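Thank you all for coming; I would like to walk through one model with you this morning. Please have the sequence and the structure open while I speak.

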Amino acid sequence: MSERRHFEAIDACRPNSDDLRQPEMADLAEALQVDPRLGSNYQRSQEFDAIVVRMMPDLPVPDGLEERLLLALTTSQDADRESREAGEWFDDNCRTKGQAVQPRAAREHVPATARDGVGRRPRGRRWAWTLAAASLVAAGAVAAVLVLAPSFTAIEPRADEQLPREILAWVDAVVREGWNTDFEAERVRRRPLDLAVRATPRRWCSIRTRYDPQTAVYDVSSRDADFALAFCMDAPVRTSLLPEIPPWNPQPATGGLTVGVWRRGNLVYVLACRGGTRRYRELIEGTSLIG
């Protein structure tokens with residue numbers, strides 16, 4: 001089973017269920033035993049689905065729902081009554097014009113409850129219940145999206161040909177915003193530098209990116225002539241393709257940059273430096289003196 005099929009199977013698994021025991025999920029269950037990253041994605045997907053399930057019973061009823069349902073019920077009953085009146089008018093006109101109609105004697109054999117509509121399920125009520133169910137489902141879906149969308153974004157940075165251009169744009173944003181040396185700030189605590197980056201940050205900055213409007217940027221260079229920046233962004237997704245540790249083999253990028261991307265829970269880190277693979281590995285394993 002391909003990686004894409006694995007992720008599709010993960011999305012199909014219901015929270016707190018025995019879906020992995022189903023024959024169709026045998027390949028996924030086996031892969032989860034040997035692939036820690038796939039297991040992390042499975043766990044994240046299960047947590048997301050569990051949150052949705054827990055929230056649905058507590059969703060508030062939309063304002064004005066009762067009035068709209070009563071109005072729909074009244075409208076449906078009026079339409080039902082008009083339909084019956086139209087049928088009676090047609091019956092009377094047919095009798096007046098001598099056209100064939102159901103004999104009165106035959107109609108008298110029909111129980112009065114059936115003729116009066118008593119004992120059958122009113123169409124207005126059936127439509128009201130349908131409308132009520134549809135309204136509640138729609139309200140639940142909207143509320144779930146509004147509440148969960150900020151916490152589960154649809155995108156994350158990838159180590160591809162677009163990322164170096166984005167990094168250059170982020171560097172321009174840093175120049176505009178300016179550096180900060182107050183490491184006790186709330187934004188620093190919410191988006192801390194990953195411990196896998198061995199260098200001590202000299203300064204930091206907060207910029208806006210398409211992944212996180214409060215992306216934290218850390219200057220982890222050893223001197224002014226050096227270039228090494230670590231970006232930290234809060235970008236949770238349901239399933240991620242990023243590794244959970246800094247990649248040993250970084251991505252060579254344009255402009256002389258070397259880039260590595262990884263994820264720690266909801267936080268995504270992008271390490272960009274000049275100096276090639278050797279310099280990049282020094283930053284994540286601390287084999288040289290930095291200071």
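Let me begin with a question: which residues of helix α2, residues 26-34, are buried? What we have here is a predicted model, and in it the buried residues of α2 are L28, A31 and L32. Because these three cover an arc of only 105 degrees around the axis, they sit on the same side of α2. If you look at the other side of that helix, you will find E30, Q33 and V34, which are exposed.

Let me turn now to the sheet. It is an open sheet of six strands, in the order β1-β2-β3-β6-β5-β4, and the pairing is antiparallel. The edge strands, each of which pairs on one side only, are β1, at 203-207, and β4, at 251-252. Strand β4 is joined by two bridges to β5, residues 257-264, and these two strands run antiparallel, with Q251 standing opposite V259 in β5.

Helix α8, residues 163-177, packs on this sheet and touches β1, β2, β3, β4, β5 and β6, while its direction makes about 105 degrees with that of β1. Helix α10, residues 276-285, lies across β3, β5 and β6, and runs at about 135 degrees to β6.

Finally, a word on empty space. A search of the whole structure finds one cavity of 30 Å³ or more, and the volume of the largest cavity is about 30 Å³. Its lining includes R37, S40, S240 and R263, and helix α3, residues 36-55, gives the most to that lining, with four residues.

Key
Residues are numbered from 1 along each chain as its sequence is written. This is a predicted model: local features need pLDDT of at least 70, side-chain atom pairs count only at pLDDT 80 or more; totals for chains, interfaces and linings use all residues. Side-chain values use heavy atoms; hydrogens and water are left out. Two strands pair if DSSP finds at least two bridges between them. Contact means heavy atoms within 4.5 Å. Axes are lines fitted to C-alpha atoms, for helices over the stretch in contact, and angles run from 0 to 180 degrees between N-to-C directions. Buried means under 20% relative accessible area, exposed over 50%, partly exposed in between (1.4 Å probe, protein chains only). The arc is that of the directions from the helix axis to the C-beta atoms. On a 1 Å grid over the protein atoms alone, a cavity is a set of points where a 1.4 Å probe fits but cannot get out, and a pocket is an open set with protein on both sides within 12 Å along at least five of seven lines; lining residues have an atom within 4 Å of a point. Grid points are joined across faces, edges and corners, and a volume is the space filled by probe spheres set on the points.
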